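Let's take a friendly look at how aromatic rings meet one another, and how charges meet rings, in this model.

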Amino acid sequence: METETSSQNSFEMSETLATFLASTPLLEEAWRLCSIANTKFPGAYLVDQIGSVAYVAFSGRQMSSGSHQSCRNLVPLDAEDDDRLFAPLYRHSKAEEPIKVHNGMLKLFLSMYPSLQIQIAALMGKVKSVVITGHSIGGTTASLSALWLLCQLQSISSPMSNVLCITFGSPLLGNEALHRSILRERWGGNFCHVVSNHDIMPRLLFAEIVSHISEIQALLHFWHRCMASADVTVTSLSSQLPDDFNDTIFRCVLKDLELLAQPEEPSESLFRPFGSYVFCCQEGAICVENEASVIKMMYLMLATGSSSCSIKDHLKYGDYVAKVSKQFLKARNLHEDCLPDSSYEAGVALALQSSELTDMESVQDHCFSMQNSNLERKEVAIMARDCLQMGKNGDKPNLIAANLAIKLSKIVPFRAEIEWYKACCDEADDQMGYYDSFKLKGGSRRENRVNLNRHKLAAFWNSVIHMLEHNKLPHDFDRRAKWINASQFYKLLVEPLDIADYYRTGMHRVRGHYIEHGRERRYEIFDKWWRDRSVPEEENKRSRFASSTQDSTFWAKVEEAREWLDNVRSERDVTKRHLCWQKIDFFEKYARKLIANKEVSKDVLAKNSSFSRWMEEWEELKSQVQQFPPRFPGFVDGEVVP
């Protein structure tokens, strides 16, 4: 359900997803089962199979264990995941923010997981698709269940190929890192969150609500009583809430949402939306997936409502779903002569009308109250239009990626100069090789030019990573062969120069050795790209040495081995000397394996390279240990004895 252009054009994606949902019984069937779960399965879920589609519906009558003082408490997703249920989502570097989810919601899911696992296992082979749905808190449990199932299906071969999560009035689940991980796995199209225009529940966790815990508890109990029976009306129970109760939470949420929706310098939020959002109202529905647009639409729709509407709307999804049809983007009150010439602009205008945020006088919003917002109706309509156009006028990942490819071609001369430099070093009469030439001749004019190119390439690749981590590039950018191969080639060619510069300038004496204390984060990210690529490595053995050593940190390991060798000679403590000896022995075996497989460049084997000189010293030391054991007490045949 997700396309390459999904991040580029919010209206195109909304039209596709909306048409799909409206032309199938998925939405109505999901809500029907949610209603049954609300009345008959409190604190649990039901499973139903219709043809080749299985439905798992979670009841909205659930009380999160984290809904008290820790109501906005986020915990790392893997903190309580001893069974690695969400393992594919953990593939991020240590420098990235960890994926965090609502503490109470995670505990709620884990309490249901054992029985859910059995139910899903029973469906394997019987159905082709699974729709996981839920209302209110049950929607958040459904989201976690869908995430688990997507992770599970990724690791096994299963005929169950389609997973769709549909939530109704679901509170937020996790942080920005969760949002990014779902995008990178290309799972955004698997989540559809239905939100009524004034429902406060999906907006609740955007706000600082810690001081309103008692009111929220009362609100949840109120909703649960209403969900328990279809015969109970909201009006009959609303009198049980305090007179000023509605306004207290409503104003708090509206205030914080307004800050988040600011186009310039928006405030930060612990929770972030993910997936596609379908905003429903009496006039129809629109679908938005751009994160910033979702937050802004959340604010604008709530701003045109009232405190009483914000509570009642949480229970009116049955009415809204029934109104959704495949013509819901059709113009109703918009005259043909008012339609813009541009098909995109016309689509935005029709979507705007479906949101009830149009400035047409014929559209009346009975919940709208000017005391709740400083915005005029016309101003709201203008802001909503800007919000819907954000996908078109904002960043376009595929276009940015195309421009980035042009920039990549422009830095090829910098890389070519370094390649030429490497070839010259490898053929030089001094037989020092690429690494040692740069390390020992860093002050020459030629080396200075190479150093400048090294910094230019680093700046380019750092900018690529920055754009990727800020969702400026396509979701699958780090899985595209072109960029995986380009980053790998850059890493193998340039990282040896970074290592040489690190040890030449003495940074290892200040910070520590390169691999643990000096390695740039971009190289760790490129390592991950290379490991996670879908194309397996070729099994064919090399017939000649590689153009670049396949372990880009090889020279850093040589530098550490040199220090270990010095320590073996000078260390008086037998245990410490033995530890150094073991490290050296391990590195020697590793290096010989690389050489045997021809996975090193010929500069490694140059006569006067650091590695060749180290090997000579190491062989000499082993020979001395065997010939003159008294000079090396504690060693017999190269082994430590107490």
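## Charges over rings

A charge sits over a ring if NZ of Lys or CZ of Arg is within 6 Å of the ring centre and within 35 degrees of the ring normal. Arg522 fits this picture, lying over the face of Tyr523 at 4.9 Å from the ring centre. Over the ring of Phe438 sits the charged end of Arg504, 4.9 Å from the centre of that ring.

## How to read the model

This is a predicted model, in which local features need pLDDT of at least 70, side-chain atom pairs count only at pLDDT 80 or more, and totals for chains, interfaces and linings use all residues. Residues are numbered from 1 along each chain as its sequence is written, and side-chain values use heavy atoms, with hydrogens and water left out.

## Aromatic pairs

Rings of Phe, Tyr and Trp (its six-membered ring) pair if their centres lie within 6.5 Å; planes under 30 degrees apart count as stacked, over 60 as edge-to-face and the rest as tilted. By this rule the count comes to 31 aromatic pairs. Why is the pair of Trp31 and Phe168 edge-to-face? Their ring centres are 5.1 Å apart and their planes stand at 70°, so the pair earns that label. This pair links distant parts of the chain, 137 residues apart: Trp31 is in helix H2 (residues 26-40) and Phe168 in strand S6 (residues 162-168). Here helices (H or I, at least four residues) and strands (E, at least two) are DSSP runs, numbered from the N terminus. Both Trp31 and Phe168 are buried, meaning under 20% relative accessible area (1.4 Å probe, protein chains only), where exposed is over 50% and partly exposed lies in between.

Phe554 and Phe611 make a tilted pair, 5.5 Å centre to centre with 55° between the planes. Ring pairs also link Tyr435, Phe554, Trp555, Trp581, Phe587, Phe611, Trp614 and Trp618 into a cluster.
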